[in-house]
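This report describes the open and enclosed spaces of the structure shown below, the surroundings of its ligand, and a selection of individual residues.

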Amino acid sequence: MADLSALRSMNRLFYVLLAFGGLAALGGAYAVYMMEHHGHIISGMNNQIVWGMPHVFAIFLIVAASGVLNVASIGSVFGKAIYKARAPLASLLSIAMLSGGLAVLMLDLGRPDRIIVAATHYNLTSVFAWNVVLYSGMFSLVIVYLWTMMERRMNVFNKAAGLAVFVWRFVLTTGTGLIFAFLTARQAYGSALLPPMFIVLSFAWGLAVFHVVQAVIYVWNEKKLDPEILQRKKNLLGVFVIGSLYMVATYHFTNMYFAHQHGFELFILRDGGIYPNLFWWGYVVLGNVLPLLLIYAPGLGKSKCVMAAALLVVLGAFALLYVFIIGGQAYPLNIFPGYEVSSSFADGQIASYTPSIYEFLLGFGGLAIAFIITTVSVRVLNFMPQDKPYISD
Amino acid sequence: MSDTNTQRREFLKTSLGAAAVAIAPGMLLYSTANGKTEGASSQVRWGMLIDTTQCKPDCNDCVTACNTENGLSGGKSATDSQWIRKIEIKDVSNGRVTSLPMMCQHCEHPPCVDVCPTQASFKRADGIVLVDRHLCIGCRYCMMACPYKARSFVHETLTDQNPDVPRGKGTVEACSLCVHRIDKGQIPACAEACQNKAILFGNLNDTNSEIYNKVRSVASKQIRADLQLNTGVRYQGL
Ligand code: SF4
């Protein structure tokens, strides 16, 4: 019989956590109100840096939401028992992060009140419009998938739903990559490598988030994750991290190879001030090298190390997205190749950008939405992974 | 059990009906208000030929005229709208400096129209690329896609608008080729204001027009011609 006072204090802790989440969400709502009222002038974004901090948060959440489903797919599509036991939690996280990411994306619009127009005046050639379908489709599919897992009578459809989710999330992350890949006029984007790069990144980021949440749930329930499972999980995380680093490196190498991208690469990797710093220290060292050490170095790789590694991978994700989204716009657009240019509209100049507090409030508001959905669901429904006493595969 | 079901079905039917009745008039109004432009003919392709040899580096007349015509503040901060701007370019290989006005190039294949999720960015039959202020949701994807940085986002509440040129906070805008003037038979404000006659406006499809004949007789260029957008604005003397 559990100690009653311990139970009570856990209960209290739950409400405290929820209150924190609620506060952050309120902060987001406040930012939305202020931006609606004053316009985007109170954000740090401008006519040169048109997408800013909110987009960093939103794209992280959406990419991770797709990647976290990998855990579910390995279970459902490839039939691995330990992953199957984690599919419900992975699906929940996916829904939660998708909601948070989409909320940020929508609420940052100049006219969020017109969002319904995106459905009534659909433009078939727009990648953005495709993504609206992809996101809502994913949302519904994952809910159906969860249903097939949680409702015994629906179990028969589980495999089919799992397969559909598996395919859909690849298309979805491809769509996210395509948003940038189709911007052929900009040096930073317009690369066919972007969709596959985003897919591999999504694996690493999704698994990292999954790991953090799972570790917290185990501690909360005073359970210990089977070392065997931890071992597999951390190896998988290591492989995904190496894979994503490889993709990012390839993207930059191929850019270097094209003479007209050379200036841009030097900017991002060497001369651009905050951007190379964030790239090398934030993304490469903190987001990749350190996690890999924590996972693979002899003597490390224990549960705390893996937790730290996962958190660092998430941190690195934000650094990379900042460099990719904002650094990519800061580098001047090459309107007149072969000419030096200047104008009153920052032509030929590095654009400057300082994110404002409202952008952070909005971004954290999105994280808070994901957090609240996860915490409440884990509390009221049973998302605790149920492992069999032995591992069969 | 089946009784409850029937009741539920009835309830759903009634509420769906009620919802339809409530929404229909709104939709009707909405589509009336959004009636598309009439009168623009696909026989016409409006365009400009800009003679950079005539454009003076210290002259800003076209920019000023544009600001006045369209009710822009003329501010130059990073959040101010600039529909047209003067760019100085220096040829790296020989040091020759040229000054020219830059604005929406009114592409035949505009990337902004391709990427716009709501069809707010559209091309009129006569080749003018516009933003429908009532459809724009302010996602700024078109600004990311434009190779010329021709578009601005309205960052704050506007005052003193020109009734002919509606603008709106939270939406994207750009050079409209002074569509409101063209539809009255006038030429764009910038072309009219240029004392050096550097901006020639006209119908690129009309074999009798000056622009038609000039584009065929002098060497002109499209900016970023490598992107194959077939711009309506051409430059001479680059
Ligand atoms: S900002 Fe407006 S015009 Fe531009 S792509 Fe978005 S909805 Fe279309």
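The lining of the largest pocket divides into 32 nonpolar, 4 polar and 1 charged residues. In this predicted model, the pocket has a volume of about 1,100 Å³. Its lining is made up of 37 residues, and those nearest the centre of the pocket are A:Val212, A:Val213, A:Val216, A:Phe371 and A:Thr374. Seven helices of chain A give two or more residues each to this lining, namely α1 (4–38), α2 (53–67), α5 (87–107), α9 (194–220), α12 (274–296), α13 (303–330) and α14 (357–380). The largest share comes from α14(A), which supplies 9 residues.

Enclosed space is treated next. Across the whole structure, a search finds 10 cavities of 30 Å³ or more. The largest cavity holds about 290 Å³ of space. Of its 20 lining residues, the closest to the centre are A:Leu105, A:Met106, A:Leu109, A:Phe128 and B:Cys139; this group therefore includes residues of both chain A and chain B. At least two lining residues each are supplied by α2, α5, α7 (127–150) and α8 (158–181) of chain A. Among the contributors, α7(A) gives the most, with 4 residues. By class, the lining of the largest cavity has 15 nonpolar, 3 polar and 2 charged residues.

Which residues come nearest to the ligand? Of the 14 residues around the ligand, these are B:Cys116, B:Ser121, B:Cys136, B:Cys139 and B:Cys142. One of them, B:Cys139, is also listed among the residues closest to the centre of the largest cavity. The shell around the ligand comprises 9 nonpolar, 3 polar and 2 charged residues.

Chain B contains 7 helices and 10 strands. Of its 238 residues, 52% are buried. Among contacts in chain B with a separation of 6 or more, 60% join residues that are 24 or more positions apart. The exposed area of chain B is about 11,400 Å², of which carbon and sulfur atoms supply 54%.

Several residues of chain A may be considered singly, beginning with their relative accessibility.

| Residue | Relative accessibility | Class |
|---|---|---|
| A:Lys234 | 8% | buried |
| A:Glu222 | 70% | exposed |
| A:Ala346 | 17% | buried |
| A:His211 | 4% | buried |
| A:Ile229 | 1% | buried |

A:Lys234 lies in helix α10 of chain A, which spans residues 227–257. It counts as buried because its relative accessibility, 8%, is under the 20% limit. Beyond its neighbours within four places in sequence, A:Lys234 is in contact with A:Ile295, A:Gly301 and A:Val306. From A:Ala185, A:Lys234 is separated by 49 residues in sequence and by 40 Å in space, C-alpha to C-alpha.

A:Ile229 is likewise placed in helix α10 of chain A. Its relative accessibility of 1% is under 20%, so A:Ile229 also counts as buried. Between A:Ile229 and A:Leu311 there are 82 positions in sequence and 19 Å in space, C-alpha to C-alpha.

A:His211 belongs to helix α9 of chain A. With 4% relative accessibility, A:His211 counts as buried. Residues up to four places away in sequence aside, A:His211 touches A:Leu230, A:Lys233, A:Val306, A:Met307 and A:Ala310. A:Val306 is thus a contact of A:His211 and of A:Lys234.

The backbone of two residues calls for comment. A:Glu222, although not a glycine, has a positive phi of about 50°. A:Glu222 is located in the loop between α9 and α10 of chain A. Is A:Glu222 buried or exposed? It counts as exposed, because its relative accessibility of 70% is over the 50% limit.

A:Ala346 is also a residue other than glycine with a positive phi, in this case near 65°. Its position is in the loop between β1 (339–343) and α14 of chain A. A:Ala346 counts as buried, since its relative accessibility is 17%, and the limit for that class is under 20%. The helix that bounds this loop, α14, is the element with the largest share of the pocket lining, at 9 residues.

How values were computed. Residues are numbered from 1 along each chain as its sequence is written. Chains are lettered from A and ligands numbered from 1 in the order in which they are written. This is a predicted model: local features need pLDDT of at least 70, side-chain atom pairs count only at pLDDT 80 or more; totals for chains, interfaces and linings use all residues. Side-chain values use heavy atoms; hydrogens and water are left out. A residue is near a molecule or strand if one of its heavy atoms lies within 4 Å of it. Ala, Val, Leu, Ile, Met, Phe, Trp, Tyr, Cys and Pro count as nonpolar, Asp, Glu, Lys and Arg as charged, and the others, Gly among them, as polar. On a 1 Å grid over the protein atoms alone, a cavity is a set of points where a 1.4 Å probe fits but cannot get out, and a pocket is an open set with protein on both sides within 12 Å along at least five of seven lines; lining residues have an atom within 4 Å of a point. Grid points are joined across faces, edges and corners, and a volume is the space filled by probe spheres set on the points. Buried means under 20% relative accessible area, exposed over 50%, partly exposed in between (1.4 Å probe, protein chains only). Contact means heavy atoms within 4.5 Å. Accessible areas come from the Shrake-Rupley method with a 1.4 Å probe; for residues, only the protein chains shown count as cover.
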